[in-house]
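Student: I would like a close look at a single part of this protein, the sheet and whatever is bonded to it. Could you take me through that part step by step?

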Amino acid sequence: SSGINAEWPLRPGDELQSPHDYFNTALSLNHKLDMDKLLRSAGIVPYLNKSYTFKQLDKAMKKKATYWCRTVAEEDGSSRQLVDQISVCMDKKLAWIDCSVQSIMCNTREPFYLLPFTKENNDEL
């Protein structure tokens with residue numbers, strides 16, 4: 001047979017036996033983890049002009065996530081660090097576990113910005 005089901009890697013003991021299971025589980029985890037609520041609990045609300053510390057982010061994520069950053073140049077010659085991705089670490093049973101690496105390409109001594117997806121928290125978007 002052809003298509004994604006034929007190529008899906010089935011391994012003994014895998015909880016995610018099909019693409020449907022995988023995406024259903026991803027949607028369920030997204031709802032269960034509620035990243036917005038976790039971030040708000042540490043005072044982090046994505047906003048174009050407000051910076052945060054990695055200490056705040058670690059508090060929200062309980063050191064169970066890895067952060068991916070990039071630095072962007074501003075028109076005035078300055079730069080700012082953006083957190084582009086927050087990856088939650090899980091074991092094979094999909095339980096939240098400590099991550100071995102907290103940040104990738106991030107300067108954790110410098111503040112970061114977390115950009116919003118809507119105009120709600122931004123006058124400039």
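Tutor: A good place to start in this predicted model is Ala 65, which stands opposite Val 88 in strand 2. That pair belongs to the antiparallel match between strand 1, residues 65-73, and strand 2, a match made by nine bridges. Strands of a sheet pair through backbone hydrogen bonds, either parallel or antiparallel. The sheet itself is open, with three strands in the order 2-1-3 and mixed pairing. Strand 2 (79-88) and strand 3 (103-104) are at the edges with a single partner strand each, so one side of each has no neighbour in the sheet. Along the sequence, the strands come after the helices, in the pattern α-α-α-α-β-β-β.

Turning to the cysteines, the count is two disulfides. One of them is formed by Cys 69 and Cys 106, with sulfur atoms 1.9 Å apart, and this pair links distant parts of the chain, since Cys 69 lies in strand 1 whereas Cys 106 lies in the segment after strand 3, 37 residues apart. The torsion about their S-S bond is about 90 degrees, so this disulfide is right-handed. Cys 69 counts as buried because its relative accessibility is 7%, and Cys 106 counts as buried at 16%, the cut-off being under 20%.

The other disulfide joins Cys 89 to Cys 99, S to S 1.8 Å, both in the loop between strand 2 and strand 3 and 10 residues apart. Cys 99 is buried, with a relative accessible area of 11%, and Cys 89 is also buried, at 19% relative accessibility. Numbered in sequence order, the bonded cysteines pair 1-4, 2-3.

Technical notes
Residues numbered from 1 in each chain as written. Predicted model: local features only at pLDDT ≥ 70, side-chain atom pairs only at ≥ 80, totals over all residues. Heavy atoms only, no water. Helix = DSSP H or I, 4+ residues; strand = E, 2+ residues; numbered from the N terminus. Pairing = 2+ DSSP bridges. Disulfide = S-S within 2.5 Å. Buried < 20%, exposed > 50% of the residue type's maximum accessible area, 1.4 Å probe, protein only.
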